[in-house]
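Here is a set of short exercises to work through with the structure open beside you. Try each task before you read the solution.

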Amino acid sequence: MCAARFGDDVAPHQRPAVAWYQPDVLFSAARNMLSSTDLLRNRDLRESYELPLTVIDCSEPEANGDFWFDFIADTGDGGNGTYAVASTALGESVAGLPVDGQPGARLPRGELLLLGGDLAYPAASSEEYRYRFIEMFEAARHDAGARTSQVRGRPFTLAALAQNHDWMDSAATFNRYFVRNKGSALFLGARIPQKQSYFCVKLPRGWWVLGFDFALTREVDRDQYDQFERLLSPDGLEVSDGGQKKVHRIGPDDRVILVYPEPYWTRPIGDGARPNWPKRYQRLERLLRGRIALRLAGDLHHYMRWTPPHSSLHDGMLVTCGTGGAFTHPTHTKMTSRPVRLRELDTKHEIAPQMGGEALVVGLDDRHEKSGDVTFRRVEASVYPDAAESRRRVWGNLLALFKKNKGSWGGNWWFTVFMGLLYWFNAYLNLLPFADTFVADGFQPMGKFTADDYWPVFVLWLKSMVFSPLGFAVNLVMIGACLMMGREVAIEVPSTDSRVWRLVVTLGFGLAHAFVHVIAVYSLVFWLQQAIGELRWIGDPSAGPWAAIGHAVAVGASVFIYGSLLGALIFACYLTLMSRFGYLTNNGYSALGIEDFKGFLRFRIAADATLHAHFVAIDQVPRQWKATPGGAPKWQPDGEAPDSGAIVTRVHDHFTL
């Protein structure tokens, strides 16, 4: 993390977004991910939660019969985006859909807020949560100073779900705010009844929201499954409410919203489930079949919606909404634009499932359609930002790695420094110490080569790379990093593509990317040796020790400087081209740090039990803020600064269930 300053005197624009290619950020995120994954493998902390499941009862509608609630996910990144969303969502109302050219009815604030996870980046910690999430939302309160918050005279209620970044400290920080000891430090003055990292909310008129927690396993744990399964059983789930026993049960005619920590429908079927070994969340979907109205997730930082055929609306709608403040993800990629299919998997050969339930589970597939499949199509008008804008933004990758965070030394430009060091170390281990070898093999001293010597010396250098242990290790690091990017592509190549093409995209492009870096290192040294050999002030390296030292220092410094620029540019070109081809959905835009295209979902349950969903979009977030007179909320856009006008909202998408 950058040198963060805390407190209510630090404006949103003074809280820069995460520089994802800053080397210490990459190292910290990887270290936290590996340590938390290893801990989960040995002991699943979800199994330590207090049971039974807390059912958050919001089933009494308002006096006029409507019930409003919001969904926000992927919040804690840069201050500008996070605060713009928080101040809008916590305001009294936002503008609704226009009617006949006139402003539409206002959409009042929700009395229930559902947080879809990934609340702080790059990895959860007390510092990151406070700096990027807690302080921004607290500053956005319109009732600053009130210990408890109310919405239209009713207690403001909050439920939160842990995503993968929340689990990077084993969900310790998430637990402190939303599960354990939360009464000692109220967040937003809200009522937070949940006692697990997953939640169940009972809404008015037969509506329910079930929030699943996958931790870092892409699966719900056994206790979580058991609690949700009891809600669906004839006996229901018995809980203690104020000392009184109460039974909750999802009825056969109720409607359910499933909130996932990631949009599993954009990934291969079953998300790694094996034949005759279905995942628990798939069993739950099978038990809920006919009652699922909506599958909702964050994780990908854009908004889009898929709908089934009109004849199969009981199969639910799919929505990805991760626009709460984090950098924007592309929307033109293959992983997000392909149709998805609902398919029942026959598991009749499964041996004695301990969890019981049906032998059929639900999954989503992008392969050839089979009889009985339900095909979901993406609603192109819902995509935000739209695909054309997404493709246009691809080219920003060419310069993104050279940018510095305003007001600090942090930024992606440190990645260019890292590439320069990697190039220098590679050249030192694999080329510079082997000048005598070149001479012994009949080549002229370094600095005297001609273009005809390029490829013979290059072949000799490749040999030295193999037989130099340290040099070989450095090149393995470079190749491994490139192949990791290719690994991400593996789930993005449609399964209908040929195996040869899948191999080329996932492995070939990664190796080609690494090989370009290898050639670049060698070419830099080869031509710099010649160029520096022409400089009289350095002298001939064979003239004496001082001349040789000066020559080596000049070559090394030049390799570092030019390697920083060339290495980062090659990497940027890889990001650009792969993104342009429709790959790298998760990482292709991570260097861009796009602050705009933010928003959240605002729902209304009407008196006739229909659910109306409005995606409230903020096309451009202010870049400069100033203190609000009166101090509630704390900050307002500084209209005198460039790109800092008032926050303009609009309903980008609306659907009814």
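**Exercise 1. A salt bridge between two loops**

Find the closest N and O atoms of the salt bridge between Asp596 and Arg623, and work out which parts of the chain the pair ties together.

*Solution.* Keep in mind that this is a predicted model.

- Step 1: In the salt bridge of Asp596 with Arg623, the closest N and O atoms are 2.9 Å apart.
- Step 2: Asp596 lies in the loop between helix 15 (545-580) and strand 20, and Arg623 in the loop between strand 21 (611-618) and strand 22, so the pair ties together parts that are 27 residues apart in sequence.
- Step 3: Buried means under 20% relative accessible area. Asp596, with 9%, is buried, whereas Arg623 counts as partly exposed at 25%.
- Step 4: Elsewhere, salt bridges with shared partners join Arg15, Arg130 and Glu135 into one network.

**Exercise 2. Two further salt bridges**

Now compare the settings of two other pairs: are Arg602 and Asp70 buried or exposed, and how do Glu50 and Lys195 meet?

*Solution.* Side chains of opposite charge can pair when their charged atoms come close.

- Step 1: The structure holds 22 salt bridges.
- Step 2: One of them joins Arg602 to Asp70, with 2.8 Å between the closest N and O atoms.
- Step 3: Since Arg602 is in strand 20 (residues 598-605) and Asp70 in strand 2 (residues 67-72), this pair ties together parts 532 residues apart in sequence. Both Arg602 and Asp70 are buried.
- Step 4: Glu50 and Lys195 meet through their side chains in a salt bridge of 3.3 Å, N to O. This pair links distant parts of the chain, 145 residues apart: Glu50 is in the loop between helix 1 (23-42) and strand 1 (55-57), and Lys195 is in the loop between helix 4 (172-178) and strand 9 (199-202).
- Step 5: Glu50 is partly exposed, at 48% relative accessible area, and Lys195 is partly exposed too, at 35%.

**Exercise 3. Rings that meet**

Classify the ring pair of Phe214 and Tyr260 from its geometry, then do the same for Tyr83 and Trp625.

*Solution.* Planes over 60 degrees apart count as edge-to-face.

- Step 1: There are 34 aromatic pairs in the structure.
- Step 2: For Tyr83 and Trp625, the centres are 5.0 Å apart and the planes make 85°, an edge-to-face pair.
- Step 3: Tyr83 belongs to helix 2 (residues 79-89) and Trp625 to strand 22 (residues 625-627), so this pair ties together parts 542 residues apart in sequence. Both Tyr83 and Trp625 are buried.
- Step 4: The ring centres of Phe214 and Tyr260 are 5.8 Å apart with their planes at 65°, so this pair is edge-to-face.
- Step 5: The Phe214 and Tyr260 pair links distant parts of the chain, 46 residues apart, with Phe214 in the loop between strand 10 (207-211) and helix 5 (222-232) and Tyr260 in strand 13 (residues 255-260).
- Step 6: Phe214 is buried at 1% relative accessible area, and Tyr260 is buried at 0%.
- Step 7: Ring pairs link both residues into a cluster whose members include Phe228, Trp265 and Trp306.

**Exercise 4. The faces of helix 5**

Which residues of helix 5 are buried, and what do they pack against?

*Solution.*

- Step 1: Gln224, Tyr225, Gln227, Phe228, Leu231 and Leu232 are buried in helix 5.
- Step 2: Viewed down the axis of helix 5, these buried residues fall within an arc of 165°, so they line one face of the helix.
- Step 3: The buried residues pack against strand 1, strand 9, strand 10, strand 11 (237-241), strand 12 (244-248) and helix 6 (280-288).
- Step 4: At the start of helix 5, a side-chain oxygen of Asp221 comes to within 3.2 Å of the backbone nitrogen of Asp223.

**Exercise 5. Surroundings of one threonine**

Where is Thr320 placed, and is Thr320 buried or exposed?

*Solution.*

- Step 1: Thr320 sits in strand 16 (residues 317-321).
- Step 2: With 0% relative accessibility, Thr320 counts as buried.
- Step 3: Neighbours within four places in sequence aside, the contacts of Thr320 include Pro263, Trp265, His302, Tyr303 and Trp306.
- Step 4: Trp265 and Trp306 also belong to the ring cluster of Exercise 3.

Note on methods:
Residues are numbered from 1 along each chain as its sequence is written. This is a predicted model: local features need pLDDT of at least 70, side-chain atom pairs count only at pLDDT 80 or more; totals for chains, interfaces and linings use all residues. Side-chain values use heavy atoms; hydrogens and water are left out. Rings of Phe, Tyr and Trp (its six-membered ring) pair if their centres lie within 6.5 Å; planes under 30 degrees apart count as stacked, over 60 as edge-to-face and the rest as tilted. Helices (H or I, at least four residues) and strands (E, at least two) are DSSP runs, numbered from the N terminus. Buried means under 20% relative accessible area, exposed over 50%, partly exposed in between (1.4 Å probe, protein chains only). A salt bridge is a side-chain nitrogen of Lys or Arg within 4 Å of a carboxyl oxygen of Asp or Glu. The arc is that of the directions from the helix axis to the C-beta atoms. Contact means heavy atoms within 4.5 Å. A polar contact is a pair of N or O atoms within 3.5 Å; within protein, one must be able to donate a hydrogen and the other to accept it, and residues adjacent in sequence count only if both atoms are side-chain atoms.
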